[in-house]
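Reader: I am new to this structure and would like a careful, close look at a single part of it. Please choose one and explain how it fits with its surroundings.

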Amino acid sequence: MRVTTGMLNRNHGGVMGSRKSLLSHIQRNREGGIAGLKALGAARSESALRRTEKAGYEKLGNAADSLVSQADRLAEKVDKGSTEIDSLAEGLVEAYNSTVGALGDAEGVLNNYYHRTMKQSFSDNCVELGEIGISMNSRGKLVLDKEKLKAADAEKVKKLLGSEGDFLKRVSLVASRVSDNAAANRQSLSNSYNARGNIMNSYLSKYNKKG
């Protein structure tokens, strides 16, 4: 069979067209792959950030729960007139410091409010607390003088650290609100993460089908 110039041109055009189609397909896949990788990278970065936030709220919630528990135990002992309260008072001080520290690291209007309120609960009773051995150092941490607490007047101790004591009641109330808010924030982050994870999985699934 004689091959004509027209046949060669038609074949050449067909090959070129196939090459162009193949290159376009490769380019689309490449662009889609890059977009997919960028989206996946962004999702992973956001996921890591959310895990960090969630861990922070978990730490805050645990500290606040401990503070409520320590306050309840201390109040019970004080109400009964027990003089063996130094170890419980020490636990209260440690839990208070942990909660205030975690609040200082947390974001949000409510957490800022609780942080100020927790510190204000001490400031409003600082003189009376100092008289029974609880003071605040230059770093904003409570410090307990056990010997001074043991020697303190029982009525003064009850007025501050009993279940109806001004300082302890306010601290316990705020701590319970802090715990609730931390739990709500953890749940919100979990819901948001799951929703975004579903969206990303859907996107990648569609891309894989196209590939």
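Author: What follows is a close look at helix α6.

The model is predicted, and for that reason local features need pLDDT of at least 70 and side-chain atom pairs count only at pLDDT 80 or more, while totals for chains, interfaces and linings use all residues. Residues are numbered from 1 along each chain as its sequence is written, and side-chain values use heavy atoms, with hydrogens and water left out.

For orientation, the protein chain has 7 helices and 2 strands (DSSP runs, H or I of at least four residues for helices and E of at least two for strands, numbered from the N terminus), arranged along the sequence in the pattern α-α-α-α-β-β-α-α-α. Of its 211 residues, 31% are buried (under 20% relative accessible area, with exposed meaning over 50% and partly exposed in between, for a 1.4 Å probe and protein chains only).

Helix α6 spans residues 154-161, and its buried residues are Val-157, Leu-160 and Leu-161. Because these cover an arc of only 75 degrees around the axis, they sit on the same side of α6 (the arc being that of the directions from the helix axis to the C-beta atoms). In general, an α-helix has 3.6 residues a turn, so residues three or four places apart point the same way. On the face of α6 turned away from the buried side are the exposed residues Glu-155 and Lys-159.

At the N-terminal end of α6, Asp-153 acts as a cap, with a side-chain oxygen 3.1 Å from the backbone nitrogen of Glu-155.

From the buried side, Leu-161 leads into the largest nonpolar core, which has 41 residues, and Leu-161 is one of those that touch the most other members, along with Ile-132 and Phe-167 (such a core is a set of buried Ala, Val, Leu, Ile, Met, Phe, Trp, Tyr and Cys residues joined through side-chain atoms within 4.5 Å). The elements that give two or more residues to this core are α1 (5-79), α2 (86-105), α3, β2 (142-144), α6 and α7 (166-210). Leaving aside residues up to four places away in sequence, Leu-161 touches Leu-74, Ala-75, Val-78, Leu-92, Ile-132, Ile-134, Leu-149, Phe-167 and Leu-168 (contact meaning heavy atoms within 4.5 Å).

Phe-167 also connects this picture to helix α3 (residues 109-123), where Ser-121 lies, since Phe-167 is among the residues that Ser-121 touches. Ser-121 is itself buried, with a relative accessible area of 2%.

Key
A polar contact is a pair of N or O atoms within 3.5 Å; within protein, one must be able to donate a hydrogen and the other to accept it, and residues adjacent in sequence count only if both atoms are side-chain atoms.
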